[in-house]
Amino acid sequence: MTNPLLQASDLPAFADIRPEHVTPALDELLPAAEAALEKAVGPDVPADYDALSAVLDVPLERLSRAWGAVGHLNAVANTPELRAAYNENLGRVTEFHTKLGADERLYAKYKAVATSPAAAALSAPRRRALSNAMRDFLLSGAELQGEAKARFAAIQELQAEKAQAFSEHVLDATDGYALTVTADRLAGVPDDILQATREAAAEKGDSGHRLSLHMPVWMPVMQYATDRALRENLYHAYVTRASEFGPPERDNSALMRELVELRQEEAGLLGYPSFADVSLVAKMAESPVQVMGFLRDLAARARPHAERDMAELRAFAAEHLALPDLQPWDLAYASEKLKEARYAFSEQEVKQYFTEPRVLEGLFRIVETLFEVRIRPDTAATWNDTVRFFRIERSPGDGQPPQLIGQFYLDAYARNGKRPGAWMDEVRGRWARPEGSLQTPVAQLVCNFASPVGDKPALLTHDDVITLFHEFGHGLHHMLTQVNDLAVAGISGVEWDAVELPSQFMENFCWEWEVLSRLTAHVDTGAPLPRELFDRMTAARNFQSGLQTLRQIEFALFDMRLHAERGASADVQKLLDEVRAEVAVVVPPAYNRFQHTFSHIFAGGYSAGYYSYKWAEVLSADAYAAFEESGLFDADTGRRYRREILEAGGSRPAIESFRAFRGREPRIDALLRHQGMVEERRA
Ligand code: ZN
């Protein structure tokens, strides 16, 4: 029997991979990777970039491609058997990679390569790949000795435990709350929520409606329930989760302090002044001071708009909702009513204009025009009949045959056994392989759109269209790269706070009349989107953008100061109060314990990194502004963007790519303008 996961073929044999192939494949691939590691660190392999790469990279890539295919199928074609096979092997794959990343012998070898005279002669992408590898070893504590090394390892373990406890407390505190109310208290709440909460009560043998703090229930109640006391009640419950106001076994107060202290201790061992400095080593932002300056600048500019948003909301609530003293538990409710009054249009109405074939065709045409490629249908084995496969080609001219640039799978529709959400993943990266062939990149684009019904094409919401463009932007970053070194080709090796540039960049096209008028055709009449409907969509886009921006800055500045300032963890509440006094337009009540559920920074990967959302938005908006300035489909701008951003991939620092494209440093203006935060000039 041949195992499809071990086939050396061009593309994964997705149609043939079965759960029973997983363990035997890893039984072969893992030992091969281990043997390669042992060989690479041994005396027979000289400290030379090519020699190391020839021994190590092929078996490692083979392992990651096979495991990548298994992980992909686990996400898009899940079965109990496949999940079991995946989970059975996850531990040993993770363990191998942890070991590889901390192997002192390998670190010593890389160090010898980096300090050898030959290193200076390496190509720029290779020097970048080597310095990234060295950096990652260093941040894993590779230079530490003796007691410091042991303490570093212990800190990692403690952090993982405490982060896990933090998120369990948030989960338990959220799950642990229920409030059963009679139907008359839910006046204004949409029918589907009424039905869901009635069923939840019935399940417990209760009559009435069982409310919870889970987003799909909590949010609509806060937005629509006319019962103000109920909203206040639910607000209080939500913002005091996992705090000292609840059961002590779920209180996150101590964990927050301990986590930050452990991170600061880690930073000290690595020789950095703070954990914020450690977090920024592998990011585009240069220092905590730079990040805080960026956030404060943005706050100052957003502030007048946030104040105006708030004044409008207050006036509307007083006049139309009989709420002269707007409270935090009224904000979502009043905002929803104001939005309805001002921009009423139905999602259902918009959807009729976005048929999937038309949208795809429009997207492809934009990409073909801007980046001088052709996208054509291609064939490959897939995991589902609805999955499509495409190839991207470029004609070199002079009557030469078209050249293959990359390929991608498009798995567009939601179905059972497929994880929700949308993402781009790599099947394989661009790579001049040690044996001499050039491997072209292949991507997965996965979305969860509603399937076509009957003989009509699938209809997309405007949000769906934005999602498709976003993921396609990641895909282009991966597929159009011209870098030949796997570790820094495409999105590989791109700094974490810059990786959303190409994806968010593409979203902008979904707000252009010039684009949408051609991207739309009513499913029954074929008519394009009416201009008047487009104008209402655009107006609604920036609803309360000032308030939303300040809220994000409040979180980001709190996160950065908490991890940058010595002793800030001693009184987390005091720090948050200070940040709010500086930034917020709406100051919440004293009992608000938002920080106790801020899992992004206490249990996720965003510690001293929450600013990244806004940071990448500035880059993508400013990059897009170059197209606004030159004309959306200007050939030179498109070529420059392709070469300097997409093709360069991770081969150099993101700021260098940005400067090469824009001819200057990033500026904040375009983001403010796109979000409606500019003062109108009147002639
Ligand atoms: Zn993204």
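Which residues touch the most other members of the largest nonpolar core? In this predicted model, they are F408, F469 and Y641, within a core of 135 residues. Helix α12 (residues 288-320) supplies the largest share of this core, 12 residues. The surroundings of Y641 were examined further: leaving out residues up to four places away in sequence, Y641 touches F371, L501, P502, F505, A623, F627, L646 and F661. Another core, of 57 residues, lies apart from the largest one and includes F14, V41, W383 and Y409. In soluble globular proteins, nonpolar side chains tend to be buried together.

The model also contains a zinc ion, coordinated through NE2 of H470, NE2 of H474 and two OE contacts from E500, at 2.1 to 2.8 Å. The angles among the four donor atoms run from 50 to 139°, and the site is irregular. For four tetrahedral donors the ideal angle at a metal is 109.5 degrees. Along the sequence, the donor residues follow the spacing H-x3-H-x25-E. H474 belongs to helix α16 (residues 462-479), whereas E500 is found in the loop between α16 and α17 (501-507), so this pair ties together parts that are 26 residues apart in sequence. The two residues were also assigned accessibility classes: H474 counts as buried because its relative accessibility is 11%, while E500, with a relative accessible area of 26%, is partly exposed.

Helix α6 (residues 146-175) comprises 30 residues and reaches 44 Å from its first C-alpha to its last, close to the 44 Å expected at 1.5 Å a residue. Its buried residues are F152, I155, Q159, A163, F166, H169, V170, A173 and T174. These buried residues of α6 pack against three helices, namely α5 (124-139), α10 (253-270) and α22 (599-602). An α-helix has 3.6 residues a turn, so residues three or four places apart point the same way.

E665 is placed in the loop between α25 (654-662) and α26 (669-674). With a relative accessible area of 42%, E665 is partly exposed. Apart from neighbours within four places in sequence, E665 is in contact with D622, I655, F658 and R659. The C-alpha atoms of E665 and L619 are 9.7 Å apart in space, although the two residues are separated by 46 residues in sequence.

On the level of domains, the protein is divided into domain 1 (19-172) and domain 2 (177-240). The C-alpha centres of domain 1 and domain 2 are 47 Å apart.

Methods: Residues numbered from 1 in each chain as written. Predicted model: local features only at pLDDT ≥ 70, side-chain atom pairs only at ≥ 80, totals over all residues. Heavy atoms only, no water. Donors = N, O, S within 2.8 Å, 3.2 Å for Na, K, Ca; no water. Tetrahedral: all angles 85-135°; square planar, octahedral: opposite > 155°, others 65-115°. Helix = DSSP H or I, 4+ residues; strand = E, 2+ residues; numbered from the N terminus. Buried < 20%, exposed > 50% of the residue type's maximum accessible area, 1.4 Å probe, protein only. Domains from an automatic or database assignment. Core = buried A, V, L, I, M, F, W, Y, C linked by side-chain atoms within 4.5 Å. Contact = heavy atoms within 4.5 Å. Expected span 1.5 Å × (residues − 1).
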